[in-house]
Structures are given as structure tokens and as C-alpha cells.
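Colleague: I'd like to go through this one with you and hear the reasoning behind the labels. Can you put it up?

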Amino acid sequence: MAGVNAPATAVFAFFIVLVAVVGFFSGRWRSGDLGHIEEWGLAGRQFGTVVSWFLIGGDFYTAYTLIAVPALVFGVGASGFFALVYTIIVYPFVFLVMPRLWNVSKRHNYVTLADFAQGRYGSHWLALAIAISGILATMPYIALQLVGMQVSIAALGFGNTAWPLVAAFLILAAFDYTSGMRAPATISLIKGVMVYGFVLAAVVWVPLKLGGYAHIFHVAARTLALRPKPGFLILPHGQFTAFATLALGSALAAFLYPHTATSVLSSSSGTVIRRNAVLLPAYTFLLGLLALLGYMAIAAGVSVHSTNDVVPALFLKLFPSWFAGFCFAAIAVGGLVPAAIMSIASSNLFTRNIYRPYLRPALGRAEEARVAKLVSLLIKFGALAFVLWGNATYVINLQLLGGIWILQTLPAIVFGLFRRWFHPLALVVGWLAGMAVGTSMAWSQGIATLYPLHIAGFTFTAYAAIDALALNLGLALLLTPLLRRLGFASGHDQTQPADYEDPVPALAGAVALGAAPQRGGA
Amino acid sequence: MTGNSPPPASARRLRRRWYLLLLLPYVFLLWVPLYARQRPELFGFPFFYWYQFLWIFLSALLTGLVYRKTRAL
């Protein structure tokens, strides 16, 4: 690209500065003692329905989503829409599971999913397994947010100059350090409005310029079919299992990531989470529209070296510069929110589930928060170094493996939220096997998430995370009765069944059925 | 209801029945042969696409219904 696009850059800079100012001042918002990890790392568990909607939405639909989903649809067609199915079916799961996690975490002051595993199963090995999965999966995910920001900065005409990314990164690191979870929460309000603005404008404006949706789908079908490796507008038979298992596996893993769990735990009640399971599909609608941008780019005849550049190239081609600048700023801000939460979440895991139990048992409250802040800085610098000097393909591959790793924590966490049947050691063994087999399955396909499984003469091509999870669960089911019979201690459960239910309001007896008192705040 | 004690077993059973509704999005979206087709089209969208968009709303409505029906129990 030749030269810097001045109007686009001015608009971009304006929004980044706005976000930086808001980020710094948000530490004072509903302020608490930021020297305590529940205040710094969960913002005091006080966000109501509206703030949680913006926060969870801004956290879950990352900058990389904004870039990668349209790029995938541009590249492969229909199968890229597994992302839409996945973000629909994730919410009934959230509705059923996450309020239980919130309730038990509130009652026992759990900050991470590994804290829960420790409390439920009394096994620090299991907690360590959960923490390792979480940290391993999150680090490349943070790097990918920076890749998303880098793509949008490059589109302004800066090419691959490093300093704008470093500047954006320093802003992120500074407000994260000073304000903790309050910063991404306030910034997610800005992100939500900006992303809605740019996607809605794009899906109305672009089809007007390109001759309507029917035409866009028509051109996309024709172009995809002529590719050297053909894509399809309607999913063909051979891809059904892959599509369904990718959607299911991603949906089950989505809220077991440290960053999504952290934003769920920072809400103020189980009721807030249930309401958000109803309201967050509004973001899914946005994701569906965004995926359509991939087809619009095909119809607009966009040609790119890397599919990551599809969205920026489409905007530069069809929008006035100032609006393209607004879109790029939305993507960059879109990266700041999840990157902040991811680094907070993984430093919480490190501090509470690795540093304290294994390295420094006498960790005090103030020191715990101080260590977490420092570690979150280190994690971010690691991600930046990776993006500046590493290889972007490598980051993407690691993130794909991350999905496989996270899903292996499902037996311990999700089953554990309902029943304590599994033996903790059986869960650890299942986890190890799932991690090893899932990783090697993906590795054998050249780090692809789909694996062709040959059973009785049939080939099932499915998401390797699901195959690995089946093995993981199978082992845990078999080993649990065996370990019990052999007399292995099954650890102490510090939780009670009632801890998982919503607290019963003191006045419930005086209120008639059907007119339940307001639980939690709006 | 029963004051500070947990809800009675009958109320919990009733609540579980409402939860079954939450299975519907999984059935209708993971059974891909149901919708991997071109026709009928709607506003230029092939069936494969508008069916998925429709389910965003259906799934949210179902979850909302379950929320309303279970929160008083």
C-alpha cells in the first residue's frame, strides 16, 4: 500500500485516544480496593444485565472473529458458517451451566475455573490441569488479538511498521494494570456501539453497491466453484459431520476459556447470566451478518495475498476513507477488550493455581493481586513479542490447538457443576489422554482441526476436539469405579448441593407464586 | 412457596421439563441435512442461510420462554 490514508488515520486515532482515556478512568468506576484480586480480576462481581451484555459480548466476539470469520467464508464458503451455528447453540448451554458456576464461585470466592476444580474435587493436580489448559489456550489467543489490530493498522497504509501496534499495546497494558476488569467493561460499551455501527452500515450499504443479496450469493457460488480447491455455497454431504462437530465442539468449549469464564463470573448474579443467555444472541445476529461480508468480498472482486486482509480490503474498496477508518478503529478496539480480559484471566490462573500452591503457599491477599498484575503484563509482552518477531501462521495454529485443549476440561468442570461422580485422578488421566491424542490428531493433519477417523470401513471426518473428548470421557468413566475399588482417596468436596442453586431470597415465603421478587439487579 | 428451604421436588421436576425445550436448537441446527439446501429462497438468501438466521431468533425466544417459566419455581 502506498502512503498513509490521512482521513482514515485521523478517525482511527481519535477513537483509540478516546478508548485510552476511558480505560484509565474506569478504575474509579464503582470503585473497590484494586489491591484485592476479586476487585482487580473480577471487578467485584457486580455487573448487571446491561454491562454484562456488553462485556461478555465484547469479550466473546473478538477482533480476530471480526477478521477471521469473513475471511473463512471468503476462503471456503458454506462450511465457514459453522461459526454461526456454534454461536447460536452456545447460549442454551450457558443458560443451564453458567449460573451454577457463578453461584458456587460466589459462595466460595472462586476466581478461576481451576479454583472450582480444586474446591469440588480437593485435587491440586486437577486444578493444575485446568490451569495449564487455560493458559496454553489463551496465550496464542491474545497474540491473535494483536494480529487483528495489526491487520487494521496495516490497512491504514502503515504497512508492517511496528510502532502503531506497540503504541496501541502500551495503552492496553497500562489501563489493564491500573484498572483491571473495569477497563475492558467500560471499553466494551464503546466497542459494542462501534462494531454494531460498522456491521449494520456494511450489510445495508454494500449490497446496494453490489446489486443485492441474490446477486452476491449467485456470484459467490460461481466463483467458489471455479477455485482450484472448490468451495460451496450450500454445504455438501461430505462436510456434514465436520460442520456439526465443529459447531458443537466450539460451543461446548466457548465458555470454558479463562476469559469468557472471567467475564461471566464478574456479573452480579445467576439471573444476570440467564438474562444474557437470552439477550446475547443479538451479537450472534451480528456475527451472521459479518460472515456474509466474506461473500460480499467475493462479489466485489477483492483480491488479497492473505485472507486476513479480506475485510480491510473490502472496506477500502467500497467505503469513503473516513468510514473505513472508523471500521478499522472498531476492529482495533475490538481487540483491546478480549486481549485485556484474556491476560487478566490467565494471570489469575497462574497466580492462584500455580504460583500459590506450588511456589509460594504463604501468598497474602495484597501480594496475590500484585503478582497477578505483574504476570498479566508479562503475558501481554510475550504475546507482543510473538506477533512482532514470530510467525502469524504459527499463532493461528496454536489457537486452533487451543480449542482442542480447552474442551478437555469439560468433564471436570461441566459434569462437576452438576454431580461429583468422577474420581479426580480419573479426570486427570482422561485430561492427559485427551490433550495428547487431540494434539497429535491435529498435528498429523498438518495442524488442522478436522481428523478423518476410520471406523469399520467408514470414514468420519470430525473436529478432533470431539474425538479427543470422547476418549477423555470414556477413560474417566472406566477409571472412576476402578480407582474407587482400589481405594484411592477421592479428595474432599468443600461444596454443598445448595451452593449451586440461586440463593433463596429471605422474603420468598411472603411472596405469592408467579410474582417472584427481583433477584439480582438490572 | 416454602420460605428458606429449597424448592420442593415437584417444582424441580416441572422446571426440568421446561429445560427440555433447550434441546431443540441443538437438534434443528446439528442435524445438517435438514437445511443444507438452496430452496426455498427468501429475499435472495438460500435456505441454508436464512434458516440459520431464523434460528438465532427461535433459540433466543425458547431460552427466554424457559427463563420466564423457571424463575418463579
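**Why the labels say what they say**

Modeller: Let's start with a loop: Pro40(B) sits between α2 (24-30) and α3 (47-70) of chain B. Keep in mind that this is a predicted model.

Colleague: What makes the bond between Arg39(B) and Pro40(B) a cis peptide bond?

Modeller: Its omega is about -5°, and the bond joining Arg39(B) and Pro40(B) is cis. Most peptide bonds are trans.

Colleague: Which residue in the loop between α2 and α3 of chain B has a positive phi?

Modeller: Phe43(B), in the loop between α2 and α3 of chain B. Its phi is near 50°, and Phe43(B) is a residue other than glycine. Most residues other than glycine have a negative phi.

Colleague: Why does Phe43(B) count as exposed?

Modeller: Phe43(B) has 8 C-beta neighbours inside 10 Å. The label exposed needs 12 or fewer, so Phe43(B) counts as exposed.

Colleague: And Asn109(A), why is that residue called exposed?

Modeller: Asn109(A) has 12 other C-beta atoms within 10 Å. The cut-off is 12 or fewer, so Asn109(A) is exposed. Asn109(A) is found in the loop between α5 and α6 (113-121) of chain A, and has a positive phi of about 55° although it is not a glycine.

Colleague: Now the opposite label. What makes Val333(A) buried?

Modeller: Val333(A) has 27 C-beta neighbours inside 10 Å. Buried takes 20 or more, so Val333(A) counts as buried. Its place is in helix α16 (residues 321-359) of chain A.

Colleague: Which residues does Val333(A) touch, not counting residues up to four places away in sequence?

Modeller: Phe15(A), Val19(A), Ile187(A), Ile190(A), Lys191(A) and Met194(A). Take Met194(A): Val333(A) and Met194(A) are 139 residues apart in sequence, and their C-alpha atoms are 8.7 Å apart in space.

Colleague: How do you know that the span of α16(A) is close to what is expected?

Modeller: α16(A) has 39 residues, and at 1.5 Å a residue the expected span is 57 Å. From its first C-alpha to its last, α16(A) reaches 53 Å, which is close to that. There is also a kink of about 30° in α16(A), centred on Thr351(A).

Colleague: Why is α16(A) called mostly covered?

Modeller: Of its 39 residues, 30 are buried. Residues earn that label with 20 or more other C-beta atoms within 10 Å.

Colleague: What do the buried residues of α15(A) pack against?

Modeller: Against α4 (63-76), α7 (124-158), α14 and α16 of chain A. In helix α15 (residues 310-318) of chain A, the buried ones are Val310(A), Val311(A), Pro312(A), Leu314(A), Phe315(A) and Leu316(A).

Colleague: Which members of the largest nonpolar core touch the most other members?

Modeller: Out of 203 residues, they are Ala117(A), Ala143(A), Leu146(A), Ala247(A), Ala291(A) and Phe328(A). Leaving aside residues up to four places away in sequence, Leu146(A) touches several, including Leu165(A), Phe169(A), Ala339(A) and Val387(A).

Colleague: How do you know that the radius of gyration of chain A agrees with a compact globule?

Modeller: With 522 residues, a compact globule would come out near 24 Å; chain A has 23 Å, so the two agree. Along its principal axes the C-alpha trace of chain A spans about 65 × 65 × 55 Å.

Colleague: What share of each chain is buried?

Modeller: Buried residues make up 57% of chain A. In chain B, they make up 21% of the 73 residues. Chain A has 21 helices and 2 strands, while chain B comes to 3 helices and 0 strands.

Colleague: How many residues does each chain bring to the contact?

Modeller: Chain A brings 38 residues and chain B brings 32 residues. On the side of chain A that touches chain B, α5(A) gives the most, with 8 residues.

Colleague: How many of the residues on that side of chain A are nonpolar?

Modeller: The side of chain A that touches chain B has 30 nonpolar residues, along with 5 polar and 3 charged.

Technical notes:
Residues are numbered from 1 along each chain as its sequence is written. Chains are lettered from A and ligands numbered from 1 in the order in which they are written. This is a predicted model: local features need pLDDT of at least 70, side-chain atom pairs count only at pLDDT 80 or more; totals for chains, interfaces and linings use all residues. Two residues are in contact if their C-beta atoms, placed from the backbone, lie within 7 Å. Helices (H or I, at least four residues) and strands (E, at least two) are DSSP runs, numbered from the N terminus. Ala, Val, Leu, Ile, Met, Phe, Trp, Tyr, Cys and Pro count as nonpolar, Asp, Glu, Lys and Arg as charged, and the others, Gly among them, as polar. The radius of gyration is taken over C-alpha atoms; the globule rule is 2.2 Å times the number of residues to the power 0.38. A nonpolar core is a set of buried Ala, Val, Leu, Ile, Met, Phe, Trp, Tyr and Cys residues joined through C-beta atoms within 7 Å. The expected span of a helix is 1.5 Å times one less than its number of residues. The bend at a residue is the angle between axes fitted to the seven residues ending there and the seven starting there.
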